[in-house]
Amino acid sequence: MAGLHSSSLRPTTSLSPSSKLLLLLTLLPLSLAAFAFILQWRGGFDDPSTRWSILRHDQFPGMDNSAPAKTSDCLDVLSTKHTPSFPYFRGWNFNYGSDLKPKICITTSTSAGLEQIMPWLFYHKVTGVSSFILFVEGKAATSNVSKVLESIPGVQVIYRTKELEEKQAKSRIWNETWLSNFFYKPCNYELFVKQSLNMEVAIVQARKGGMDWIIHLDTDELVHPAGTHEYSLRELFSNVPENIDMVVFPNYESSVERDDIKDPFSEVSMFKKNFDHLPKETYYGNYKEATRGNPNYFLTYGNGKAAARIVKNLRPNGAHRWHNYKKQPNEIKLEEAAVLHYTYPKFSDLTSRRDRCACKPTKEDVKRCFMLDFDRAAFIIASTATEEEMLQWYREHVVWNDEALKQKLMKKGILTRIYAPMVIIQGLRESGTFTSVIESALTNVSKDTLLSSVENLNTSRADDSKVFSSRKMGKHTEIQANGRKILAISDTDFAAIPPLSPPSMDEIRLGT
């Protein structure tokens, strides 16, 4: 009995197979977690959150609470908050890789500053644009601004130098008829010709860069890829049939609700839809109320912007379209995607546009300088009225302050809210993307090198401007001597498409 009793008190040492499996499944994740903790604690694990500690050792990227270095006047505009968002890290170059297609190029001619170019550029990077070809003048060509732009991967900066103007003065465009109606005229006409010549150069550069599509935009325009699942231009162009050569984006026009807008891309969310995206009954039935006493439904153009597939014999057809020397392009017009045009969003736009043109503020002379009625009226007001009168005119013709009318046109679908660009750009700003790029570009250059480059650039550009001005382009006798006597005419010389106003009530009357 004693032996039996003692054996019954011994602990059981064997486990069933199911118990062993349960114990293993319990201990395994605990062991792995402990192992990972030890590795990270001892510094043997490359933690992504510390990968960028070379910049700041005490903060998460994007949370720099110190005052930004005073390297540019636009830093205050381009940075507001500091939140733990995903920033543009130094050394990270938005390189999407050669396997990501299609490759999209945007080209522009601009004299804007970084406060406008940076949000415009990085917004389009986010939506899938691979390359930017920037033809810069004025503020955009100054040393500090251009230095920043040149530091951004995928951005090519082209200055208006003597060499460029000599090259463009020999362009075949001068010997063709499709752009000839715009030659040797001031202001908007001069800009239109310059944009077309720049687009011709951009086609060559984009082809060298292996781009698949090219778009011409101004820096007050954003492409809105509505209808795509990923809000992506790459996705949009991937779905374009192979036989399509050109894609037209109808434009929407910004409808500002205040007269004190400082940053249109972050403060404007209301837009007026294009005629092409509205039922005819809705458009014409509400035309008078939507126009609000202005000359046209849109303040400026209404014929959209186009992207072209980069193929042999491609040429510009004015700033809004593309063409081909050998064939009529097959084109489609998009039903959802659009170009968002931020039109006169700031009160200061009245005077800034006035200061770029030397025309007389008379009804007859402005027709020679501007293509669209509202631009003509705005120029006359900005040239003749007092500051107070200008502000009152701006409130009456540009600012939407009638809440009842806004609600009515919202319900009709004429006005719409679009928040995506605002959210993207605000996120980039709050994450420190813009300030990071600016600081990196300006601190990577030694003070002596920067001062030397400023002096050299200013000297060379000053000398260039003495030899060639943009208004004299194409008039130099030595360059004109070869082959400008006869304008060549071909079957594909369709006239350049200028900025056109949307359909008016007069057109529907003529059609009935």
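The chain folds into 21 helices and 14 strands. Helices here are DSSP runs of H or I with at least four residues, strands are runs of E with at least two, and both are numbered from the N terminus. This is a predicted model: local features need pLDDT of at least 70, side-chain atom pairs count only at pLDDT 80 or more, and totals for chains, interfaces and linings use all residues. Residues are numbered from 1 along each chain as its sequence is written, and side-chain values use heavy atoms, with hydrogens and water left out.

**Exercise 1. Describe the chain by burial, contacts and surface.**

Step 1. Take burial. Of the 512 residues, 49% count as buried. Buried means under 20% relative accessible area, exposed over 50%, partly exposed in between (1.4 Å probe, protein chains only).

Step 2. Take contacts (heavy atoms within 4.5 Å). Among those between residues at least 6 apart in sequence, 77% join residues at least 24 apart.

Step 3. Take the surface. The accessible area is about 26,300 Å², and 55% of it belongs to carbon and sulfur atoms. Areas come from the Shrake-Rupley method with a 1.4 Å probe; for residues, only the protein chains shown count as cover.

**Exercise 2. Classify Asp375 and Arg376, then list their contacts.**

Step 1. Place them. Asp375 lies in helix H14. Arg376 is also in helix H14, which spans residues 373–384.

Step 2. Classify. Asp375 has a relative accessible area of 8%, so Asp375 is buried. Arg376 has 17%, so Arg376 is buried.

Step 3. List contacts, leaving aside neighbours within four places in sequence. Asp375 touches Asn188, Thr300, Tyr344, Arg353 and Phe370. Arg376 touches Val366, Lys367, Phe370 and Met371.

Step 4. Add the polar detail. The Arg376 side chain reaches the backbone oxygen of Phe370 at 2.9 Å.

**Exercise 3. Examine three salt bridges and the exposure of their partners.**

Step 1. Set the rule. A side-chain nitrogen of Lys or Arg must lie within 4 Å of a carboxyl oxygen of Asp or Glu. The structure holds 21 such bridges.

Step 2. Take Glu176 and Arg172. Their closest N and O atoms are 2.7 Å apart. Glu176 is buried because its relative accessibility is 5%. Arg172, at 46%, is partly exposed.

Step 3. Take Arg258 and Glu267. They meet at 2.4 Å, N to O. Arg258 is partly exposed at 35%. Glu267 is partly exposed at 28%.

Step 4. Take Lys333 and Asp276. Their closest N and O atoms are 3.2 Å apart. The pair links distant parts of the chain, 57 residues apart: Lys333 is in strand S12 (331–333), Asp276 in the loop between strand S8 (270–272) and helix H10 (280–285). Lys333 is partly exposed at 42%. Asp276 is partly exposed at 36%.

Step 5. Look for shared partners. Glu257, Glu403, Lys406 and Arg417 are joined into one network.

**Exercise 4. Describe two aromatic pairs and one ring cluster.**

Step 1. Set the rule. Rings of Phe, Tyr and Trp (its six-membered ring) pair if their centres lie within 6.5 Å; planes under 30 degrees apart are stacked, over 60 edge-to-face, the rest tilted. The count comes to 22 pairs.

Step 2. Take Trp174 and Phe183. The centres are 4.6 Å apart, the planes 35°, and the pair is tilted. Both residues are buried.

Step 3. Take Phe182 and Tyr189. This pair is tilted, at 6.0 Å and 35°. Phe182 and Tyr189 are buried.

Step 4. Follow the cluster. Ring pairs link Phe275, Tyr283, Tyr284, Tyr287, Tyr297 and Phe298.

Methods:
A polar contact is a pair of N or O atoms within 3.5 Å; within protein, one must be able to donate a hydrogen and the other to accept it, and residues adjacent in sequence count only if both atoms are side-chain atoms.
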